[in-house]
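This briefing walks through one protein model, topic by topic. Please keep the sequence and the structure in view while reading, and look up each residue as it is named.

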Amino acid sequence: MFREIKPTKVFEQVIEQIKEIIQNGELRCGDQLPSERDLCEQLNVSRTSIREALRSLEMLGIIECRQGEGNFIKESFEDSLLEPISMTFMLHGSKTNEILELRKIIEPETAALAAKNISNAELQEIKELMSLLNREDDSAKSAEIDKKIHYKIVQASGNDLITNVMYAVSNLIDRYIEDVVTNLFQSPENRNIVKEQHEAVVRAIEAHDALKAAAAMRKHLDYTNDFIGSSIIKNQGD
């Protein structure tokens with residue numbers, strides 16, 4: 001019925017207090033933490049416990065140590081998400097189709113949110129990337145611009161959590177299928193289809209039509225995911 005009660009280590013209590021302060025909004029992204037000496041005095045613990053707590057928070061990707069300046073809450077947590085997601089992905093057998101399915105679940109709704117929340121400046125950035133993609137002949141550079149367009153749409157959703165998750169997923173995709181995406185742009189036919197699909201997404205977002213934006217993004221992902229899936233199967237057969 002009962003479980004053994006285990007004493008909590010001091011550094012873990014320090015971490016919990018820092019997490020509570022962040023949760024309460026007293027510390028925000030980019031804020032500097034008190035010095036080690038101040039933390040020791042305020043929490044009445046040893047410097048060893050403080051350093052162990054700070055080292056753990058740094059490993060978790062919550063804070064960063066700037067040489068000669070101190071410890072700061074990170075401005076962005078995108079990279080912090082990448083390694084755990086990547087490790088989980090590899091431990092579960094590196095199933096690329098799971099990444100593609102995740103994108104198909106998230107990105108259409110993200111495009112819908114972008115249609116509601118996008119700013120004029122964000123819309124202009126996406127249009128400039130579209131123009132750049134239309135002028136680019138190099139397939140590798142085209143693939144990179146394509147990724148930036150998707151990420152800008154995610155940012156335009158106004159949801160920081162989705163933005164961080166999708167950034168991590170996007171980088172995970174790069175590790176496994178970057179060459180396949182590059183191959184997509186080597187075909188003039190594929191290039192034109194992708195161009196038209198992007199334009200349909202952007203038109204719907206500009207018109208603030210959430211349903212059309214989601215449908216256009218879903219159609220685009222169906223096309224690119226089918227290409228990626230068939231390319232991977234072909235490579236495995238070879």
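Asn 44 is found in the loop that runs between helix 2 (36-43) and helix 3, and this residue makes a convenient starting point for a model that, it should be said at once, is predicted. The points below begin with the backbone at two loop residues and then turn to the nonpolar cores, a pocket, a loop contact and the cysteines.

**Two loop residues with positive phi**

- Most residues other than glycine have a negative phi.
- Asn 44, although it is not a glycine, has a positive phi, with a value near 55 degrees.
- Asn 44 counts as exposed because its relative accessible area is 71%, and the cut-off for that word is over 50%.
- His 208 also has a positive phi without being a glycine, in this case near 60 degrees, and its place is in the loop between helix 9 (188-206) and helix 10 (210-237).

**The nonpolar cores**

- The largest nonpolar core holds 33 residues, and the members that touch the most others are Ile 126, Ile 149, Ile 153, Phe 185 and Ile 205.
- At least two residues of this core come from each of helix 5 (96-117), helix 6 (120-135), helix 7 (139-156), helix 8 (160-184), helix 9 and helix 10, and helix 10 gives the most, with 8 residues.
- If residues up to four places away in sequence are not counted, Ile 149 touches Ile 126, Leu 129, Met 130, Leu 133 and His 198.
- A second core, separate from the largest, has 14 residues, among them Leu 33, Ile 50, Leu 54 and Ile 73.

**The second largest pocket**

- The second largest pocket encloses about 250 Å³ of space, and of the 16 residues that line it, Glu 36, Arg 51, Leu 54, Cys 65 and Asn 71 are the closest to its centre.
- Helix 3 (47-59), strand 1 (63-66) and strand 2 (70-73) each supply at least two residues of this lining, with the largest share, 4 residues, coming from helix 3.
- Sorted by type, the lining residues of the second largest pocket divide into 4 nonpolar, 6 polar and 6 charged.
- Leu 54 therefore appears in two of these topics, since it is listed both among the lining residues closest to the centre of the pocket and in the second core, whose members are buried by definition.

**A loop contact at Glu 75**

- Glu 75 lies in the loop between strand 2 and helix 4 (78-91), and it counts as exposed because its relative accessible area is 54%.
- Once its neighbours within four places in sequence are left aside, Glu 75 is in contact with Cys 29 and Gly 30.
- Although Glu 75 and Cys 29 are 46 residues apart in sequence, their C-alpha atoms are 4.8 Å apart in space.

**Cysteines and a residue of helix 1**

- How many disulfides does a search of the whole structure find? The search finds 0.
- Cys 40 counts as buried because its relative accessibility is 14%, which falls under the 20% cut-off, whereas Cys 65, at 45%, counts as partly exposed.
- Gln 17 is found in helix 1 (residues 10-23), and it is partly exposed, with a relative accessible area of 41%.
- Gln 17 and Leu 43 are 26 residues apart in sequence, and the distance between them in space, C-alpha to C-alpha, is 9.2 Å.

How values were computed:
Residues are numbered from 1 along each chain as its sequence is written. This is a predicted model: local features need pLDDT of at least 70, side-chain atom pairs count only at pLDDT 80 or more; totals for chains, interfaces and linings use all residues. Side-chain values use heavy atoms; hydrogens and water are left out. On a 1 Å grid over the protein atoms alone, a cavity is a set of points where a 1.4 Å probe fits but cannot get out, and a pocket is an open set with protein on both sides within 12 Å along at least five of seven lines; lining residues have an atom within 4 Å of a point. Grid points are joined across faces, edges and corners, and a volume is the space filled by probe spheres set on the points. Ala, Val, Leu, Ile, Met, Phe, Trp, Tyr, Cys and Pro count as nonpolar, Asp, Glu, Lys and Arg as charged, and the others, Gly among them, as polar. Buried means under 20% relative accessible area, exposed over 50%, partly exposed in between (1.4 Å probe, protein chains only). Contact means heavy atoms within 4.5 Å. A nonpolar core is a set of buried Ala, Val, Leu, Ile, Met, Phe, Trp, Tyr and Cys residues joined through side-chain atoms within 4.5 Å. A disulfide is a pair of cysteine sulfur atoms within 2.5 Å.
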